[in-house]
Amino acid sequence: MTGVALSDDTGKTTSNPPAEEIPQDTAASGKVGWGAPSSHRDRPHLRRDPLRVYATRAVIWDMVAVTAASAIGFILRWTIPYNLDISDGTYVFFAAVVVLSWISVLVLRGAYDTRILGVGSEEFKRIVGASALVFAAIAIVSFALKLDLSRGFVLITFAVGMLLLLTVRWVLRAWLRHERMYGHFLHRTIVIGSGNTQTEIVDMLDRDPVAGFTVMDVIDEPPVDVTDTELDLWLDEVMARISLEDADTVAVAGSRALEHTVVQKLAWRLEGPRVDLMVAPNVGDIAGPRVSMRMAADLPLLHLDEPHLTGPKRAIKRTLDIVFGVLLFVLFLPFMIVAGIGTLVSSKGPVFYSQQRVGRGGEMIIVTKFRTMYKGADKDRDKVIGAPDEKIFDRYKADPRITPFGRILRRWSIDEMPQVVNVIAGNMSLVGPRPVLPEELGLFDDADHRRHLTKPGLTGLWQVSGRKEVDWDERMRMDLEYVENWSPALDLVIVAKTAKVVLSGKGAY
């Protein structure tokens with residue numbers, strides 16, 4: 001489970017230090033604590049998922065269904081009319097590709113997401129949508145490559161497959177309803193609320209076991225004027241009772257007085273063990289792209305989805321990183337050779353400058369760039385740059401520690417090209433929040449640490465929005481916005497804008 005969208009400003013005015021400020025040996029090794037200790041205590045280590053058996057059966061029977069559909073399409077289109085020898089591997093191979101593609105798209109489209117299984121129409125919508133996507137892709141590829149594919153096979157397979165898939169899910173749902181009548185496969189739920197609203201949601205969730213919920217515990221909501229310390233203690237109690245009851249769902253049935261901040265912090269606590277969070281529509285100010293309606297025991301609840309950079313979408317992003325990372329390495333190689341030679345002959349010192357930065361989940365990673373400062377210049381930062389103020393950007397622009405050749409490298413962002421190796425290796429992504437220094441973690445609020453839910457990027461929203469001309473608070477806001485709202489389209493937009501920014505040189509100093 002996850003939290004809600006983040007938009008709080010912190011009021012800090014610090015700015016971004018240059019990449020060569022901190023020597024490598026001053027950074028701590030290992031994993032950096034990237035969340036406030038009070039916000040990550042007492043988390044269950046494993047998530048109880050009562051519908052895992054249902055999802056496993058769905059995968060198996062869906063594979064049987066699409067295989068049967070492909071076989072039926074193959075037989076009706078080719079074997080019977082033409083007495084085709086099935087030893088001909090061409091058509092058999094194409095049928096196998098259809099089966100594998102169909103199952104893969106069902107997985108990527110969330111057809112086995114246990115949060116939508118066994119209830120409502122979303123399960124069936126995702127099956128129809130994934131199937132339509134597969135055959136639309138087949139049609140487009142066939143047209144683009146002018147492949148001689150049988151339209152009869154495609155249409156028969158699609159029609160039979162849709163029928164079989166929907167039938168399989170209907171049968172599985174009937175089986176699930178029967179099992180739930182006997183108390184199996186129920187979501188062990190804790191209800192948070194007060195007064196009549198708490199009683200009402202408990203009664204509605206317990207009324208019909210077919211809905212899939214059983215209330216294990218009830219917890220009163222915190223008072224309106226709760227202090228931060230009291231809220232942390234209340235959250236600790238919630239997490240302890242979740243562990244005690246082995247709960248997998250939390251339903252918040254509070255009043256409008258229940259503050260947005262309370263629900264937000266509760267959602268962050270539940271993210272680690274991935275306990276589902278459902279919120280009554282009358283609770284606080286809950287909105288954003290990760291909020292969806294879910295009917296639970298005839299009660300409409302807002303279901304807060306996990307951040308988009310998880311599960312299959314993370315696999316998609318990693319695949320794109322590898323493909324485009326290799327292409328960029330080949331493209332960057334001539335520039336890196338020139339940059340390496342220029343750095344070596346233009347000033348004394350090593351060609352590369354390496355330092356530790358904070359990666360995904362707070363893990364330390366080594367980031368390498370071409371050296372753009374005079375050797376040992378990182379020790380003079382306090383003397384040259386000083387404390388952050390309204391003139392700090394002017395001091396960055398006139399920084400005497402940067403070599404003349406280093407300014408050229410920074411102007412065209414060539415100094416950061418070696419980091420494409422980090423992208424290919426997997427500890428960075430092509431697009432994401434830029435990696436911060438360990439020393440900068442002290443500037444983070446609790447919300448800011450959520451930027452480390454994903455890998456740091458070679459470029460990101462901050463890079464295409466002014467870079468060093470963007471203050472710290474705005475940089476954090478953009479990083480959090482990226483994590484909460486990632487999509488492949490967003491990555492493509494950022495990559496396109498990065499090319500424009502590099503050519504303009506905006507903020508590159």
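Which helix holds both Glu122 and Arg126, and how many residues apart are they? Both belong to helix α3, which spans residues 122-145, and they sit four residues apart, about one turn of the helix. The views below all come from a predicted model, and each legend takes up one small group of residues.

**View 1. A salt bridge within helix α3 joins Glu122 and Arg126.** The closest N and O atoms of Glu122 and Arg126 are 3.0 Å apart. Glu122 has a relative accessibility of 33% and counts as partly exposed. Arg126 is also in the partly exposed class, at 21%. The cut-off for buried is under 20%, so Arg126 at 21% falls on the partly exposed side. If you would like the wider context, a search of the whole structure gives 13 salt bridges.

**View 2. Asp217 and Arg241 meet through their side chains in a salt bridge.** Here the N to O distance is 2.8 Å. This contact links distant parts of the chain, with Asp217 in strand β2 (residues 213-220) and Arg241 in helix α6 (residues 228-245), 24 residues apart. Are the two partners buried or partly exposed? Asp217 is buried, with a relative accessible area of 16%, whereas Arg241 is partly exposed, at 22%.

**View 3. Lys317 and Asp491 form a salt bridge between two helices.** Their side chains meet with 2.7 Å from N to O. Lys317 lies in helix α8 (residues 311-346) and Asp491 in helix α14 (residues 488-504), and the pair links parts of the chain that are 174 residues apart. Lys317 counts as buried at 5% relative accessibility. Asp491 is buried too, at 9%.

**View 4. Four charged residues are linked in a network of salt bridges.** The members to look for are Asp62, Glu123, Arg169 and Arg173.

**View 5. The structure holds four aromatic pairs, and one of them brings Trp102 and Phe135 together.** How are the rings of Trp102 and Phe135 arranged? They are edge-to-face, with 85° between the planes and 5.0 Å from centre to centre. Trp102 lies in helix α2 (residues 89-108) and Phe135 in helix α3, so the pair ties together parts that are 33 residues apart in sequence. Trp102 is buried, with a relative accessibility of 0%. Phe135 counts as buried as well, at 9%. Look a little further and you will find Phe158, which ring pairs link with Trp102 and Phe135 into a cluster.

**View 6. Phe352 and Phe370 form a stacked aromatic pair.** The centre to centre distance is 5.1 Å, and the planes are 25° apart. Phe352 belongs to strand β7 (residues 352-358) and Phe370 to strand β8 (residues 364-370), so that distant parts of the chain, 18 residues apart, are linked by the pair. Which of the two rings is buried, and which is partly exposed? Phe352 is partly exposed, at 43% relative accessibility, while Phe370 is buried, with a relative accessible area of 2%.

**View 7. Two arginines each lie over a tryptophan ring.** The charged end of Arg411 sits over the ring of Trp412, at 4.1 Å from the ring centre. In the other example, Arg475 lies over the face of Trp462, and the distance to the ring centre is 4.2 Å.

**View 8. Helices α3 and α4 pack with their axes 11 Å apart.** Two numbers describe a pair of packed helices: the angle between their axes and the distance between the axes. For α3 and α4 (residues 151-181), the angle is about 165°. An angle over 145 degrees counts as roughly antiparallel, and α3 and α4 are therefore roughly antiparallel to each other. The crossing of α3 past α4 is right-handed. Helix α3 should be a familiar landmark by now, since Glu122 and Arg126 of View 1 both lie in it.

**View 9. Arg451 is a buried arginine in a loop.** Where does Arg451 sit along the chain? Its place is in the loop between β9 (429-431) and β10 (457-459). Arg451 has a relative accessible area of 2% and is therefore classed as buried. Pro433 is 18 residues from Arg451 in sequence, and their C-alpha atoms are 6.8 Å apart in space.

Notes
Residues are numbered from 1 along each chain as its sequence is written. This is a predicted model: local features need pLDDT of at least 70, side-chain atom pairs count only at pLDDT 80 or more; totals for chains, interfaces and linings use all residues. Side-chain values use heavy atoms; hydrogens and water are left out. Buried means under 20% relative accessible area, exposed over 50%, partly exposed in between (1.4 Å probe, protein chains only). Rings of Phe, Tyr and Trp (its six-membered ring) pair if their centres lie within 6.5 Å; planes under 30 degrees apart count as stacked, over 60 as edge-to-face and the rest as tilted. A charge sits over a ring if NZ of Lys or CZ of Arg is within 6 Å of the ring centre and within 35 degrees of the ring normal. Axes are lines fitted to C-alpha atoms, for helices over the stretch in contact, and angles run from 0 to 180 degrees between N-to-C directions. Angles under 35 degrees count as roughly parallel, over 145 as roughly antiparallel, 65 to 115 as roughly perpendicular and the rest as oblique. A crossing is left-handed if the near helix is turned anticlockwise from the far one by less than a right angle, and right-handed if clockwise.
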